Amino acid sequence: MALQTCDHCQLAFPERDAVSETVDGRERVFCCSGCRTVFLLIRSEGLDAFYRKRTWDSPGLPVNQQKKVDAGLFTEDMRQAGQEQEIDILIEGIRCASCVWLNEKFLARTEGVAYARINYATHKARIRWDPDRVTLDRILKRIQSIGYVPRPHRESAHFRQQKAEARDLLVRFGTAAFLSSQLMIYSVALYAGYFQGIDPATRSAIEFIAMALTIPVIFYSGMPFIKNTFIGLRHLHFTMDALITIGSGSAFVYSVYQMVIGGTVYFDTAAMIITLILLGRYIETTAKCRAAETIERLSELSPRESRVLKQTGAADPFSQDTAMIPLAELKKGDWVKVLPGERIPADGRVVRGESEADESLLTGESLPVFKSPGSTVIGGAINLFGTLIFEVTGTGKDTFLAAIVQSVEDAQARKPRLQLLADRIVGYFVPAILLLAGITTAVYLLNGSPTNTALMAGISVLVIACPCSLGLATPLAVLVFTTMASAQGILIKGGDVLEKASSIDHVILDKTGTLTEGRPTLREVIAVDPIFGKEYLCRMAASIENLAEHSIGRAITVASDGPFLPVRDFRVVLGRGVKGTIGDTEFLLGNRAFMLDSKIALHDPVTDFDEMDQSYEKTGNTVVFMGWEGKVRALFIITDILRQESAAAVREILGLGREVSLVSGDNRATTEAAAAAAGIPSAVPEMSPLEKRELIRGLQEKGKKVMMIGDGINDAPALTEAIVGIAMGKGTDIARESADAVLVRNDLTLIPSMIRLAGRAYSVIRQNIFWAFFYNIVALPLAVSGILHPIMAAGAMAASSLFVVTNSLRLRKGADA
């Protein structure tokens with residue numbers, strides 16, 4: 001049969017179905033009238049350069065196969081932007097830069113659209129329009145008219161606020177870093193002039209330039225600190241922001257005063273305090289954004305729409321009409337139809353149909369779960385093969401997925417925050433320094449000292465008490481720790497991970513995908529009849545299993561050298577197995593029940609296959625029977641093999657004095673077999689995501705400090721509940737975002753390495769903090785007595801910071817010691 005290629009979507013189609021159109025004397029062919037209409041529309045808009053620029057490597061979706069878009073699904077995402085309205089949406093069908101160009105140009109030519117930009121990497125479009133001139137429905141239809149499909153892009157207001165805060169801090173830090181780097185050039189010249197002499201006019205010019213560079217750093221980049229300080233002072237509550245504001249502000253005011261009287265200025269000190277603290281604050285805020293993104297991605301597992309039957313309780317619901325409605329309008333008692341490959345929109349009970357559902361991301365069950373009338377389905381799971389009709393039993397906050405989301409939020413809210421502890425310390429430190437500076441100034445004045453001397457002594461107290469070394473004590477050690485961990489293949493996502501990892505005493509590992517490889521593998525082929533070789537049996541089985549989308553079947557298919565033989569009358573028997581005819585023989589592959597249903601005997605005079613099946617299951621394996629002509633001919637033993645390094649990693653963790661346990665959603669036999677193979681003394685099987693979380697919570701309430709290692713969405717509550725959560729690098733996005741650290745190399749031996757490195761780093765942090773306070777205890781009396789000149793104070797501050805830097809860099813030596 002001759003094929004043509006559509007000039008719009010590039011789909012190959014039978015020549016007899018071609019829709020033709022003559023354009024500029026050249027005949028164009030299209031797969032449908034919709035593609036022809038879009039082609040002519042793009043040309044009429046003068047945007048036919050799109051067809052020359054595009055770099056598609058596969059055909060697109062024909063226009064006549066695209067679903068209509070309901071503007072009502074987007075209304076809650078709209079927001080006001082001055083006199084205009086704005087929205088973020090996802091555009092399906094974008095596959096190259098020319099698609100972005102076409103959509104932007106086409107939207108820009110729509111009357112009333114003021115702004116349209118599309119992110120090629122994420123396919124997210126931001127559109128702004130005048131509601132008096134164009135409607136959202138009109139904009140969405142314009143996008144769809146050129147062959148693309150707009151979809152809702154949902155973000156909570158809190159998440160948008162956090163991202164906006166991170167962007168604002170980045171701009172403020174960038175401004176401060178640039179100006180401070182320029183300021184240091186002039187400061188070096190001034191410091192050289194103090195000791196070697198400098199022309200007064202030149203000195204004044206440099207000081208004015210230094211002041212001009214410092215003002216934006218203080219009053220723009222440092223404005224969040226200033227605002228928070230005044231808010232705190234109104235409530236008599238002192239935080240680190242107050243210390244930053246007073247330290248940098250006093251250095252700035254003192255420098256301006258010194259300019260007037262011809263003294264020494266310290267603009268560089270004022271600017272660098274703001275710059276360094278802003279860097280740490282930006283890193284902290286981006287970490288919060290990643291934590292919030294976990295919730296966003298979990299929520300996105302649910303589809304936006306559901307296919308609801310217009311009439312419930314019908315004798316033949318498959319023939320009933322359906323309507324697509326927003327998920328928010330779904331209610332208990334509705335009957336919902338789910339097609340193969342679609343996500344299940346809500347929790348429910350199957351009333352018609354048979355299928356298998358992939359619930360691995362939600363429950364931890366590594367194999368697809370058979371569904372038939374009476375079975376429960378979980379919202380967010382994927383329907384694999386058959387069409388299901390189910391009655392809704394839970395929506396919104398009452399679903400299993402919502403419970404997981406809520407548990408992640410609860411666990412994140414209870415995370416300890418080192419910043420709160422620092423603020424409590426500073427709450428006493430700041431007023432004490434202010435009081436000391438005030439008393440120092442007053443005492444000098446009462447003793448008859450000149451105002452200049454008294455003010456210098458008081459300001460010196462504030463300058464010497466600046467939080468530079470205190471601010472560097474933890475962040476720098478954390479930076480070195482995270483850099484070294486990254487070099488080893490451990491991605492650390494927060495500074496508090498260091499302290500918590502150094503104190504853990506119980507390590508819990510998930511089974512599937514963490515302790516094991518996470519993919520079924522053919523372990524053994526047992527030939528019952530010796531006249532059939534294992535290679536022949538494997539080839540026959542693979543030829544049939546190749547037609548079935550099933551993880552067990554894939555294990556057999558991958559193990560076969562092929563080539564596959566032609567199969568007739570292929571059939572999937574859901575929850576049982578598969579069958580197909582090769583040549584004149586019908587082959588059956590499946591579980592014990594499938595063999596019995598198909599009249600294949602599980603016993604012969606020599607072997608009890610039923611007993612063999614049970615014995616293999618006790619060691620954590622899955623058995624696939626192969627039979628034909630009434631007899632079992634072969635057994636395929638499928639296993640999810642342990643990672644090569646699992647046993648070594650467990651021994652090393654136990655050698656560090658930590659307890660080790662295994663938890664899994666799998667059955668008891670499989671879980672205990674895996675634990676025994678890895679040398680783990682304790683195993684807890686058949687655990688749901690929430691039960692894993694409760695197990696960890698119970699241990700921690702008894703005083704244990706737990707580290708959890710997992711890889712799936714079902715591990716997210718446990719990962720966030722644990723003191724330290726670690727995700728495998730090849731795990732799901734949700735697991736990686738929920739965790740405090742990610743094993744990029746998927747190597748479990750990195751766990752004991754991380755524990756050792758965290759212990760050494762935490763020791764360095766304690767030394768740094770001790771030095772920072774010791775420095776203040778020694779230096780403050782010298783400042784109060786007037787012995788410590790501001791230049792010496794600046795030098796002491798530099799020396800203190802240098803010690804902290806040097807001590808932190810010691811971590812680079814003997815990392816694996």
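Below, a colleague asks how the labels on this predicted model were reached, and the modeller answers.

Colleague: What makes phenylalanine 219 and phenylalanine 252 an aromatic pair that is edge-to-face?

Modeller: Their ring centres are 5.9 Å apart and their planes stand at 80°. Centres within 6.5 Å make a pair, and planes over 60 degrees apart count as edge-to-face, so both conditions are met. A search of the whole structure gives five aromatic pairs, and this is one of them.

Colleague: How do you know that the pair links distant parts of the chain?

Modeller: Phenylalanine 219 belongs to helix α6 (residues 200–221) and phenylalanine 252 to helix α8 (residues 240–261), with their positions 33 residues apart.

Colleague: Why is phenylalanine 219 called partly exposed?

Modeller: Its relative accessibility is 43%. Buried requires under 20% and exposed over 50%, so a value in between is partly exposed. Phenylalanine 252, at 10%, is under the lower cut-off and therefore counts as buried.

Colleague: What makes phenylalanine 532 and tryptophan 628 an edge-to-face pair?

Modeller: The centres lie 5.0 Å apart, with 75° between the planes. That is within 6.5 Å and over 60 degrees, so the label holds. Phenylalanine 532 sits in the loop between β21 (521–527) and α17 (534–545), and tryptophan 628 in strand β25 (residues 622–628), so the pair ties together parts 96 residues apart in sequence.

Colleague: Why is phenylalanine 532 called buried?

Modeller: Its relative accessible area is 19%, and the cut-off is under 20%, so the residue qualifies. Tryptophan 628 has 4% and is therefore buried as well.

Colleague: Which residues do ring pairs link into a cluster?

Modeller: Phe532, Tyr536, Phe587 and Trp628.

Colleague: How do you know that the charged end of arginine 142 sits over the ring of phenylalanine 106?

Modeller: The distance from the ring centre is 3.9 Å. The distance limit is 6 Å, and the charge must also lie within 35 degrees of the ring normal. The charged end of arginine 128 is likewise placed over the ring of tyrosine 115, 4.7 Å from its centre.

Colleague: Why is arginine 304 called partly exposed?

Modeller: Its relative accessibility of 28% falls between the 20% and 50% cut-offs, so the label follows. Arginine 304 is in the loop between α9 (267–299) and β10 (305–309). Its C-alpha atom is 9.1 Å from that of arginine 151, 153 residues away along the chain.

Colleague: How many helices and strands does the protein chain have?

Modeller: There are 27 helices and 31 strands. Of the 817 residues in the chain, 50% are buried.

Note on methods. Residues are numbered from 1 along each chain as its sequence is written. This is a predicted model: local features need pLDDT of at least 70, side-chain atom pairs count only at pLDDT 80 or more; totals for chains, interfaces and linings use all residues. Side-chain values use heavy atoms; hydrogens and water are left out. Rings of Phe, Tyr and Trp (its six-membered ring) pair if their centres lie within 6.5 Å; planes under 30 degrees apart count as stacked, over 60 as edge-to-face and the rest as tilted. Helices (H or I, at least four residues) and strands (E, at least two) are DSSP runs, numbered from the N terminus. Buried means under 20% relative accessible area, exposed over 50%, partly exposed in between (1.4 Å probe, protein chains only).
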